[in-house]
Amino acid sequence: MLMKQYLLKETIPLVKKSFQIDYEKELNPAQLEAATILDGPVLVIAGAGSGKTRTLVYRVARLVESGVPPENILLLTFTRKAAQEMLRRASMMIDDRCERVHGGTFHAVANSLLRRYAPLIGYSSAFTILDRSDAEDIINLLRTQMGLSEKSRRFPRKNTIAEIFSKSVNKMEPISHIMEQEYFHFYEELQELLGLQELYKKYKEQNQLMDYDDLLVNFRTILENHPDVRAEISRKFRFLMVDEYQDTNRLQSEIIQFIASEHNNVMVVGDDSQSIYSFRGANFRNIMDFPKRFSGTRIITLEENYRSTQPILDLTNEIIINAKEKYTKHLFTKKTKGALPILIAAENENYQSRFICQKVLEIREEGVPLDEIAILCRAAFHTFDLEIELARRNIPYVKFGGFKFIETAHVKDVLAHLRLLINPRDAISWHRVLMLIGKIGPRTSHNIIEWIIKNRKEPEDLTSYPEKAKFTEGIRQLHELLTTLTRKGLTIPDQINLTCRYYEPILKNKYDDYPKRLKDLEHLQNITARYSTLEHFLSDLALEPPNESVAGVAAPDSDDERLVLSTIHSAKGLEWNTVFIIWALEGKFPSSYAFNSEEEMEEERRLMYVAATRAKENLFITYPVNIYDRVSGKVFSKPSRFVREIPSELFENWALTEELDYSY
DNA sequence: CTTTCAGACCTTTTT
DNA sequence: GGTCTGAAAG
């Protein structure tokens with residue numbers, strides 16, 4: 001018999017480096033020191049734009065090059081994207097061994113280890129991760145059951161409750177303490193809240209659910225109570241690196257200590273001036289406590305800025321110099337020449353939007369691509385007017401931060417059906433799915449769910465629900481969908497597709513803007529294509545939802561350059577040639593929410609610092625004047641205090657004037 | 001008893 | 001856009 005020969009090719013490394021990395025030449029002395037100390041605790045204080053990422057990348061490369069098995073390195077970052085990017089760069093320098101380094105967020109790492117060790121704390125390894133809104137839905141359900149939603153009471157709403165619970169966990173402080181500090185107006189409900197928290201905890205345990213905080217808490221508990229597991233994990237991750245350390249909380253810092261317990265090989269990198277997540281329990285004092293927790297810590301400070309021009313740096317230094325509490329660094333740069341930052345007063349919001357559109361196009365004409373220009377805002381909704389203006393002028397953009405497309409009602413609706421396949425006891429998803437059917441309201445939905453849970457029914461039994469009523473046809477269709485979805489051989493995109501077909505009529509009925517929403521659902525199918533199991537897809541989605549907001553997804557998906565709109569929080573660690581900071585108005589930025597607390601006001605300042613330090617060459621700060629604020633009933637007209645403090649010679653002032661229209 | 005719909009009110013930042 | 005309420009309609 002004649003056999004065809006099929007030749008297996010030799011595996012080629014991603015990039016083969018034929019020459020040695022010249023660490024001395026490619027890094028400055030401080031970076032070099034940080035990248036080449038391979039043992040012991042190290043604290044790197046890295047100013048904005050000082051090559052922090054570069055240093056971490058070189059250190060990973062150095063470790064791997066020196067023979068450390070990549071599996072023994074753990075790189076904890078703020079987002080998975082940051083980790084992937086760093087490991088990709090390290091791989092380019094040596095070879096793709098670096099891809100085998102463990103990298104990701106605390107939550108993602110906790111999740112993967114809990115999948116193995118959850119039985120130690122009475123959980124199954126197949127637990128479901130609740131995202132924030134799932135958690136809120138459960139809290140709401142339990143709150144109603146406890147009779148706490150009667151209208152006579154002023155009981156906090158579900159999102160406030162979730163916030164209180166979460167803060168208490170992340171700061172490792174009792175609820176009473178959190179309420180004294182930040183929610184004093186609800187203090188008389190303390191006992192009820194404690195009861196509700198107890199109930200919430202039980203509910204999660206009974207239904208195999210973990211919210212974001214549980215991932216960290218349970219992981220920490222296992223590390224603390226099981227010395228054998230702690231030692232095993234610590235020995236596995238013999239080299240630990242933590243990025244953005246200023247934004248970790250107490251819980252996370254304890255986890256680090258446990259993981260490092262066997263060897264103390266831990267390097268943390270951060271900048272106290274860029275701590276902007278205290279609302280999530282982060283505490284920049286973690287940085288200063290680090291040497292206390294790890295004796296013999298070496299401290300390295302990176303002070304040379306490679307990002308911005310001197311005029312921009314002069315301005316940002318001025319913003320942070322007025323911070324009440326900080327650990328002094330002095331940033332300097334070799335890029336001495338450059339344009340002064342510009343402060344623009346606009347008459348109203350629409351003038352601000354028009355100015356930005358016009359200026360963006362001008363700068364593009366000068367040769368700066370759109371994706372090198374960013375509009376940064378304090379809160380995602382601050383860009384609404386601008387987005388309309390951009391659309392009117394056909395300027396393509398992506399938006400990061402704020403409302404994520406995964407959180408939109410239609411995407412959640414579709415996903416709820418899929419979640420039932422994994423966990424038929426998921427009451428929250430059942431509720432969502434049932435409420436979509438006509439003639440089924442909260443009462444009927446509740447009855448059906450009770451029937452399912454009590455009688456341990458599977459989705460296939462749905463048609464045998466005893467009550468014959470006006471909604472039987474709807475139930476029959478749902479039943480048909482759910483049974484079809486469990487057929488063998490379906491890929492996840494297939495399942496999404498089938499669900500969408502079932503959901504489409506409902507969608508059209510429910511929303512006038514359904515074409516836009518249908519596009520989102522198509523996008524969802526694209527995302528799923530790379531997953532092999534539904535479980536994996538769903539927990540990934542909860543842990544690392546795509547960061548793009550709704551509008552960005554709906555935009556034409558050309559590969560062409562697009563202008564970037566982002567919240568400052570989502571702009572962490574990034575940089576652009578040109579940056580616009582909008583709404584630099586007292587009451588908006590700093591937000592009026594921060595007026596009552598000095599600590600929060602300090603965080604607003606750091607936010608302004610983070611925003612301004614994103615700019616490489618051009619920085620524009622704009623504010624509209626005479627804005628009526630419905631919340632406070634006041635007129636905001638003063639530019640942000642962080643701008644007013646700055647000596648006027650450090651920026652240019654522009655006023656906008658309307659071009660007169662002579663066409664009449 | 002339950003669903004549906006209209007209107008009022010609020011909306012920071014995120015794993 | 002969401003959440004919550006009250007009142008009409010089924």
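## Exercises: a DNA strand and a helix pair

Helix H19 (residues 442–454) is the top contributor to the surface near DNA strand B, giving three residues. Keep in mind that this is a predicted model.

**Exercise 1.** Work out which residues come nearest to DNA strand B, and what share of the strand's atoms within 4 Å of the protein is sugar and phosphate.

*Solution.* Start with the surroundings: 27 residues sit around DNA strand B, and the nearest are Arg378, Ala380, Gly441, Arg443 and Thr444. Next, look from the strand's side: sugar and phosphate make up 58% of its atoms that come within 4 Å of the protein. Finally, sort the nearby surface by class, and you get nine nonpolar, ten polar and eight charged residues.

**Exercise 2.** Find which atoms of DNA strand B pair up with Ala380, Thr567 and Arg280.

*Solution.* Take Ala380 to begin with: a backbone N or O atom is 2.9 Å from a phosphate oxygen of the strand. Thr567 uses an N or O atom of its side chain, 3.3 Å from a phosphate oxygen. For Arg280, a side-chain N or O atom lies 3.3 Å from a sugar or linking oxygen.

**Exercise 3.** Describe how helix H2 (residues 29–36) packs with helix H3 (residues 52–65).

*Solution.* First get the geometry: the axes are 8 Å apart, at an angle of about 40°. That angle falls outside the roughly parallel range, under 35 degrees, and below the roughly perpendicular one, 65 to 115, so H2 and H3 are oblique to each other. The crossing is right-handed. Now the residues: Gln31, Ala34, Ala35 and Thr36 of H2 meet Arg54, Thr55, Tyr58, Arg59 and Arg62 of H3. By class, this contact splits into three nonpolar, three polar and three charged residues.

Terms used: Residues numbered from 1 in each chain as written. Chains lettered and ligands numbered in written order. Predicted model: local features only at pLDDT ≥ 70, side-chain atom pairs only at ≥ 80, totals over all residues. Heavy atoms only, no water. Near = heavy atom within 4 Å. Polar contact = N/O pair within 3.5 Å; in protein donor to acceptor, adjacent residues only side chain to side chain. Helix = DSSP H or I, 4+ residues; strand = E, 2+ residues; numbered from the N terminus. Nonpolar A, V, L, I, M, F, W, Y, C, P; charged D, E, K, R; others polar. Axes fitted to C-alpha atoms, helices over the stretch in contact; angles between N-to-C directions. Parallel < 35°, antiparallel > 145°, perpendicular 65-115°, else oblique. Left-handed = near helix turned anticlockwise from the far one by under 90°. Contact = heavy atoms within 4.5 Å.
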